[in-house]
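Q: Please take me through one part of this structure in close detail. I am new to it, so I would like the terms explained along the way.

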Amino acid sequence: MSHPSATDARRLNEAIKVLVKRFSLAERADVACCGMTVAQAATLEALGDGPMRLGDLGQRLGIA
């Protein structure tokens with residue numbers, strides 16, 4: 001099995017960037033109809049599992 005070339009790595013990197021951008025735009029459109037930001041929607045989703053400490057919420061959302 002051969003190792004991927006630098007060109008293959010660059011192409012994969014660019015494809016991932018495109019997918020992330022498209023997902024982000026779709027996610028923003030989904031919550032925009034509800035009058036909230038993506039961050040607000042993620043917070044509500046996390047809190048849907050029940051109450052949690054603020055530090056635990058931050059960790060779950062990947063923020064400090």
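**Salt bridges and their setting**

A: Arginine 11 counts as exposed because its relative accessibility is 59%, where exposed means over 50% relative accessible area, buried under 20%, and partly exposed in between, with a 1.4 Å probe and protein chains only. The model is a predicted one, in which local features need pLDDT of at least 70 and side-chain atom pairs count only at pLDDT 80 or more, while totals for chains, interfaces and linings use all residues. Residues are numbered from 1 along each chain as its sequence is written, and side-chain values use heavy atoms, with hydrogens and water left out.

Arginine 11 forms a salt bridge with aspartate 8, their closest N and O atoms lying 3.8 Å apart; the term requires a side-chain nitrogen of Lys or Arg within 4 Å of a carboxyl oxygen of Asp or Glu. Both residues belong to helix H1, 3 residues apart, which is about one turn of the helix. Helices here are DSSP runs of H or I with at least four residues, strands are runs of E with at least two, and both are numbered from the N terminus. Aspartate 8 is partly exposed, as its relative accessible area is 36%.

By this rule the count comes to 2 salt bridges, and the other joins the side chains of aspartate 49 and arginine 60 at 2.5 Å, N to O. Aspartate 49 sits in the loop between H2 and H3 and arginine 60 in helix H3, so this pair ties together parts that are 11 residues apart in sequence. Aspartate 49 is exposed at a relative accessible area of 59%, whereas arginine 60, at 46%, is partly exposed.

The helices on either side of that loop are H2, residues 38–47, and H3, residues 54–61, which pack at an angle of about 120 degrees with their axes 10 Å apart. Such axes are lines fitted to C-alpha atoms, for helices over the stretch in contact, and the angles run from 0 to 180 degrees between N-to-C directions. H2 and H3 are therefore oblique to each other, since angles under 35 degrees count as roughly parallel, over 145 as roughly antiparallel, 65 to 115 as roughly perpendicular and the rest as oblique.

As a wider setting, the chain has 3 helices and 0 strands, in the pattern α-α-α along the sequence, and 9% of its 64 residues count as buried.
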